[in-house]
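The exercises below are meant to be worked with the coordinates open beside the text. Try each task before reading its solution.

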2 protein chains.
Amino acid sequence: MTAEQPTAPRTPAPVGLRERKKRRTRDALLRAALELFTTRGYEGTTVDEIVDAVDVSQRTFFRYFASKEEVAFAVQQMVERHFVAALAERPAHEAPLEAMRNAVLTAWDTIGEAIMEVVPIELYLRTFQMIESTPALLAVHLRRSIEMEENIARLIADREGLDVDADPRPRVAVAAFSGVMRTTGHLWGRGEDASLEAIRALTEAYLDHLGPALAADWRGAPA
Amino acid sequence: MTAEQPTAPRTPAPVGLRERKKRRTRDALLRAALELFTTRGYEGTTVDEIVDAVDVSQRTFFRYFASKEEVAFAVQQMVERHFVAALAERPAHEAPLEAMRNAVLTAWDTIGEAIMEVVPIELYLRTFQMIESTPALLAVHLRRSIEMEENIARLIADREGLDVDADPRPRVAVAAFSGVMRTTGHLWGRGEDASLEAIRALTEAYLDHLGPALAADWRGAPA
DNA sequence: GAGGTTAGTGTCAGTCGCTGACAATTGACA
DNA sequence: TGTCAATTGTCAGCGACTGACACTAACCTC
């Protein structure tokens, strides 16, 4: 993990012709897949249909994406990295919950440009809704979430100078926080307003209900 | 959903010969599957191997279980029903978090017998660990968890006389609670002590850290 | 710029999960 | 006992995915 500017789009500019071709093929597959997924549905789309749209072989698809599922989460992965970067940038004086809260809200404010380099922002919004409403993808989405939860817990523990395995508080705080995040994401996916502003507002409102208990200063207080 | 004694094992005793045969086939498939899963691994076990062990056709397997995944969660489903039943039995004066906490702890105390009617308790423990350590199953496990979360949120909202869609508190409380539960389950699956007592103790300890904020009395206080 | 190296791609054959259709069997019940 | 309905097996086929191998095109060196 080479830490660069945290909110910078991860597009290191491809150099050789080979690299550029690869990038182009991958992007084409990604866009074609999301477009098909969001119109015909995930289950209703076969890998053969995706590769036909881009005119490559099925084997090539599976060299770029380990599975049909993986391509559905390519953009989501960018967003997650974006949030983690924002969290790492939070000043040390902020309490854990406060830092996480500010990181999400800032991330939602700045993620737009980074996404647009790969796919239209509106396609990402539709993709997110599709993930939330497709059981098989929702399952994977949740597993990815808790994998990130573990990373964030370690990050928070480091901030507070705690041992993540000895002190339950980092994991508990992150678990509670993520539970709320997941709930807002779910409600957003089911709701009417599919804008970035909507998810941001929903997040802010729901986090307000988590109470000051977890936001209290931990340092000096024993477990 | 016919509500009987909440903590009673769900074994309505099969009547006809046909029913008993069905039950036997299903149980045999279940046991064979879990035994193979926990020894050779989930991915390392084919459906053909399961049906060979029981000597039925593959088609029969898929008539009892919608998928290879489903059979892995058959026992888990019992445990979940057990918890929901225990929660429904909690006296009305208990605050939401208090009720959920007591329901889990009671459930862990009484689930043993119900499980043993179907599979050895030790096989269930191994199965749980396998689920937690198999990515594909972990994903499904998490999705099942949030489906239950939604049910519990409605149950809690009913207890408190709230509208689950208007007031965020039921969903927030349940989300935070479930987040902690998930974390303890995960840690249990990765830990050394695979006993029921261990998961119960872990649950109790971790829930203590969720703080009194969510446990406060809601009635009368506006959102 | 020819020639060898290497990375990316296509083709093919095969495995595994899963499903629909149809026929054969077997318990239930008059 | 004979009919009816439920359970099961067989078979054919789809879709996701993989390993092996041959082919092509970018790259790199002399």
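**Exercise 1. Determine what share of chain A is buried, and describe its secondary structure and its contacts.**

Solution. In this predicted model, 33% of the 223 residues of chain A count as buried. Turning to secondary structure, chain A contains 10 helices and zero strands, and its elements, read from the N terminus, run α-α-α-α-α-α-α-α-α-α. As for the contacts in chain A with a separation of 6 or more, 64% of them are accounted for by residues 24 or more positions apart.

**Exercise 2. State the domains assigned to chain A, and describe the side of domain 1 that touches domain 2.**

Solution. The domain assignment divides chain A into domain 1 (17-71) and domain 2 (73-210). Taken over C-alpha atoms, the centres of domain 1 of chain A and domain 2 of chain A are separated by 26 Å. The contact draws 11 residues from domain 1 of chain A and 11 residues from domain 2 of chain A. On the domain 1 side, H1 and helix H4 (68-72) of chain A each supply at least two residues, and H1(A) gives the most, with seven residues. By class, that side of domain 1 of chain A has five nonpolar, one polar and five charged residues.

**Exercise 3. Characterise the contact between chain A and chain B, and identify the symmetry that relates the two chains.**

Solution. Begin with the size of the contact, to which chain A gives 24 residues and chain B gives 24 residues. On the side of chain A that touches chain B, the elements giving two or more residues are helix H8 (135-160) and helix H9 (169-190) of chain A, and H9(A) gives the most, with 10 residues. The residues of this side of chain A divide into 15 nonpolar, five polar and four charged.

Next, superpose the copies: a turn of 179 degrees with a shift of 0.0 Å along the axis lays chain A on chain B with an RMSD of 0.1 Å. That is the relation of a two-fold axis. The same surface serves both copies, since 100% of the contact residues of chain A recur in chain B.

**Exercise 4. Examine helix H8 of chain B and the residue just after the helix.**

Solution. Helix H8 (residues 135-160) of chain B has 26 residues, and the distance from its first C-alpha to its last is 37 Å, close to the 38 Å expected at 1.5 Å a residue. Just after H8(B) comes Gly161(B), which takes a positive phi of about 65 degrees.

**Exercise 5. Describe the protein surfaces near DNA strand C and DNA strand D.**

Solution. Take DNA strand C to begin with: of the 20 residues around this strand, those that come nearest are Arg59(A), Thr60(A), Gly16(B), Ser67(B) and Lys68(B). The elements giving two or more residues to this surface are helix H1 (17-40) and helix H3 (58-64) of chain A, together with helix H1 (17-40), helix H2 (47-54), helix H3 (58-64) and helix H4 (68-72) of chain B. By class, the surface near DNA strand C has five nonpolar, six polar and nine charged residues.

For DNA strand D, 21 residues lie around the strand, and Gly16(A), Ser67(A), Lys68(A), Arg59(B) and Thr60(B) come nearest. Here the elements that give two or more residues are H1, helix H2 (47-54), H3 and H4 of chain A, together with H1 and H3 of chain B. H1(B) gives the most to the surface near DNA strand D, with four residues, and the residues of that surface divide into five nonpolar, six polar and 10 charged.

**Exercise 6. Locate Gln58(A) and decide whether this residue is buried, partly exposed or exposed.**

Solution. Gln58(A) has its place in helix H3 of chain A. With 13 other C-beta atoms within 10 Å, Gln58(A) is partly exposed, because a residue must have 12 or fewer such neighbours to count as exposed and 20 or more to count as buried. Leaving aside residues up to four places away in sequence, Gln58(A) touches Val47(A), Asp48(A) and Val51(A). By contrast, Gln58(A) and His209(A) are 151 residues apart in sequence and 48 Å apart in space, C-alpha to C-alpha.

**Exercise 7. Assess the backbone and the exposure of Asp55 in both chains.**

Solution. Most residues other than glycine have a negative phi. Asp55(A), however, has a phi near 65 degrees, a positive value in a residue other than glycine. Asp55(A) lies in the loop between H2 and H3 of chain A, and counts as exposed with 10 C-beta neighbours inside 10 Å. In chain B, Asp55(B) likewise has a positive phi of about 65 degrees although it is not a glycine; Asp55(B) is placed in the loop between H2 and H3 of chain B, and is exposed, with 9 other C-beta atoms within 10 Å.

Methods
Residues are numbered from 1 along each chain as its sequence is written. Chains are lettered from A and ligands numbered from 1 in the order in which they are written. This is a predicted model: local features need pLDDT of at least 70, side-chain atom pairs count only at pLDDT 80 or more; totals for chains, interfaces and linings use all residues. Two residues are in contact if their C-beta atoms, placed from the backbone, lie within 7 Å. Ala, Val, Leu, Ile, Met, Phe, Trp, Tyr, Cys and Pro count as nonpolar, Asp, Glu, Lys and Arg as charged, and the others, Gly among them, as polar. Copies are superposed by least squares on the C-alpha atoms of residues with pLDDT of at least 70 in both. A residue is near a molecule or strand if its C-beta atom, placed from the backbone, lies within 6 Å of it. The expected span of a helix is 1.5 Å times one less than its number of residues. Domain bounds come from an automatic or database domain assignment.
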